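Me: I am new to this structure and would be grateful for a close look at a single part of it. Please describe the largest pocket and what lines it, and then turn briefly to the strands and cysteines.

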Amino acid sequence: MVKIQRFGEWCEIEVPVHWEGYSLEYIVRTLWGAPKKQKHNMRMNKQVLTNDEPANWTKPLHAGDKLKFHFFKEEDLGLIPSYYDIEVLFEDDHLLVLNKPAGMDTHPNSPEQNNTLANAAAFHMQMQGESSSIKHIHRLDRDTTGAILFAKHALAGAILDKELEERTIKRTYLALVHGRISKIKGTISEQIGRDRHHPTRRRVSPSGQPAVTNYELIEYFPKLNLSLIKCRLDTGRTHQIRVHLSHIGHPLAGDILYGGKPAFSRQALHAVKLEIPHPFLEETIVCHAPFLDDPEIFKGIDPYSF
């Protein structure tokens with residue numbers, strides 16, 4: 001565990017025993033995996049202090065040294081703050097995890113749009129007196145619900161982007177699909193590209209981007225002819241779960257776009273769990289997302305059991 005606390009625009013980290021002898025360069029570039037350009041900017045702009053003195057980036061550190069990072073400088077929020085009664089699943093000075101409702105975009109598609117989860121996150125930050133830009137790390141479709149991760153400052157955003165790319169952030173989804181899944185567990189590895197016959201639809205395509213979806217059957221409901229499955233993503237392509245499950249003959253219930261029947265008012269897909277290696281604390285943050293809307297879709301299912 002790393003001792004960390006905020007002082008205004010600065011974040012202080014006490015060098016733990018197991019960092020003894022490491023340089024600041026090694027911590028930022030290797031332990032945290034920050035991009036070279038971002039590290040360079042931090043160094044050139046003197047955004048790090050060691051024991052309240054300008055940092056020497058190559059000098060070995062000692063346990064108990066105090067590192068101060070200028071993480072929280074005032075800047076444009078980057079979008080229009082807009083009130084929405086959002087559910088916070090986790091929050092500290094670096095991360096924000098929100099439970100997205102159905103019918104809401106993750107982020108604006110134009111500068112003037114203000115009814116997205118990102119706008120609500122910006123408002124939430126503003127009401128707490130925070131004026132740094134907030135960044136979504138991944139997205140959910142408009143009618144998919146559940147946990148979405150935001151970074152509260154640039155370095156956290158860069159580290160989390162890398163974690164997502166390297167698959168150390170784990171995303172677990174629940175889905176109700178038509179029919180009985182024949183395999184208890186399986187992996188769908190099919191490339192996904194745009195459907196040239198439709199403006200928004202995707203399809204399995206040999207010329208598309210690599211996409212991997214792992215699934216597990218949780219329960220079959222014979223009266224409804226629906227299977228409840230758990231999915232984990234190794235990639236994050238647009239509509240990935242929807243495309244892959246439709247491809248194997250089990251479209252999501254309610255997902256008209258991909259061949260599902262109108263059993264519900266939207267596709268039955270929920271991001272139920274998010275496991276995040278914290279960028280700085282050396283511990284994993286686990287968030288479970290309760291079902292906010294359409295409780296009949298996942299009626300009787302405990303989101304905390306996954």
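Reply: The account below begins with the pocket, continues with a group of paired strands and ends with the cysteines.

The model is a predicted one. Its largest pocket has a volume of about 960 Å³. The lining of this pocket is made up of 40 residues, and those that lie nearest its centre are Arg139, Asp141, Arg237, Thr238 and His239. Two or more lining residues come from each of α4 (154–165), β10 (170–178), β12 (192–194) and α5 (240–247). Sorted by class, the lining holds 16 polar, 15 charged and nine nonpolar residues.

Strand β14 (residues 212–221) pairs with two other strands. With β11 (residues 185–189), strand β14 runs antiparallel and shares five bridges; here Ile188 stands opposite Thr213. With β15 (residues 226–233), strand β14 is again antiparallel, joined by eight bridges, and Glu216 stands opposite Lys230. The hairpin of β14 and β15 has four residues between the strands, and Asn225 in this hairpin takes a positive phi near 55°.

As for the cysteines, the structure holds zero disulfides. A disulfide is a covalent bond between the sulfur atoms of two cysteines. For Cys231, the closest cysteine sulfur is that of Cys287, and because the distance is 20 Å, the two are too far apart for a bond. Cys231 is also buried, at 0% relative accessibility. Cys287 likewise takes part in no disulfide, the nearest cysteine sulfur being that of Cys11, 19 Å away. With 2% relative accessibility, Cys287 counts as buried.

Methods. Residues are numbered from 1 along each chain as its sequence is written. This is a predicted model: local features need pLDDT of at least 70, side-chain atom pairs count only at pLDDT 80 or more; totals for chains, interfaces and linings use all residues. Side-chain values use heavy atoms; hydrogens and water are left out. On a 1 Å grid over the protein atoms alone, a cavity is a set of points where a 1.4 Å probe fits but cannot get out, and a pocket is an open set with protein on both sides within 12 Å along at least five of seven lines; lining residues have an atom within 4 Å of a point. Grid points are joined across faces, edges and corners, and a volume is the space filled by probe spheres set on the points. Ala, Val, Leu, Ile, Met, Phe, Trp, Tyr, Cys and Pro count as nonpolar, Asp, Glu, Lys and Arg as charged, and the others, Gly among them, as polar. A disulfide is a pair of cysteine sulfur atoms within 2.5 Å. Buried means under 20% relative accessible area, exposed over 50%, partly exposed in between (1.4 Å probe, protein chains only). Two strands pair if DSSP finds at least two bridges between them.
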